[in-house]
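Grab a pen and work through a few short exercises on the structure below. Each one comes with a solution you can check yourself against.

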Amino acid sequence: MRIKALRLACIILIASVFPGAARRDNFKQEMRFGAEAAQRGLWREAAFRWEKILKTDPDNARAHNNLAVASESLGQFDRARKEYEEARRLAPDNKEIRNNYESFQELCRTIKTCGGEAPVPSGQGTANPSPSPGDAGTAPLPAPEGGTPLPSPSPGGV
């Protein structure tokens, strides 16, 4: 009887560990897919991946930052502002998020259309912000449609 109870306890322990590991692997995979889509300029796909992460982890500052970058690149400035502000609220000391938000604010001052959802002219709005692939370990993201390379994503988790 004691051995059965011990086996049951071990099974429960193992079962509780694997779902957590699977969630972490899924998180990393979604972050990686999103970053790869962004590198190719597939901003809608990237946004889809980061939205998927936020459904299960709404307090993930990196995913909010990345969704803000995608929204900005799609010309969805109201949404970008909301996502940047949420990322800043969740991780006020994160330098990458702060830099991306400041670049976004500068873009808004320059093009003066951040109050609406007008599309961004080609090459604007994507030169400074950079999505974070999480622990994907990818190289710096190239700027879409030419321009200067985007800053390297920061490793680690928020």
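One thing before you start: this is a predicted model.

**Exercise 1.** Work out which cysteines are joined by a disulfide.

*Solution.* Start with the cut-off: two cysteine sulfur atoms have to lie within 2.5 Å to count as a disulfide. Now check C108 and C114, where the S to S distance is 2.0 Å. That fits under the rule, so the pair counts as a disulfide. Go through the structure this way and the tally comes to one disulfide.

**Exercise 2.** Find the handedness of the link between C108 and C114.

*Solution.* Look at the angle about the S-S bond, which is -95°. With that value, the link is left-handed.

**Exercise 3.** Decide whether C108 and C114 are buried or exposed.

*Solution.* Buried means under 20% relative accessible area, and exposed means over 50%. Take C108: its relative accessibility is 11%, so C108 is buried. Next comes C114, at 4%, so C114 is buried too. For the wider setting, buried residues account for 39% of the chain's 158 residues.

**Exercise 4.** Describe the chain's secondary structure and its contacts.

*Solution.* Count the elements to begin with: you get five helices and zero strands. Written in sequence order, that reads α-α-α-α-α. Then turn to contacts between residues at least 6 apart in sequence: 53% of these join residues at least 24 apart.

**Exercise 5.** State how much surface the chain exposes, and what share carbon and sulfur atoms supply.

*Solution.* The exposed area is about 9000 Å². Carbon and sulfur atoms supply 57% of that area.

Technical notes:
Residues numbered from 1 in each chain as written. Predicted model: local features only at pLDDT ≥ 70, side-chain atom pairs only at ≥ 80, totals over all residues. Heavy atoms only, no water. Buried < 20%, exposed > 50% of the residue type's maximum accessible area, 1.4 Å probe, protein only. Helix = DSSP H or I, 4+ residues; strand = E, 2+ residues; numbered from the N terminus. Contact = heavy atoms within 4.5 Å. Areas by Shrake-Rupley, 256 points an atom, 1.4 Å probe, with all protein chains shown as cover.
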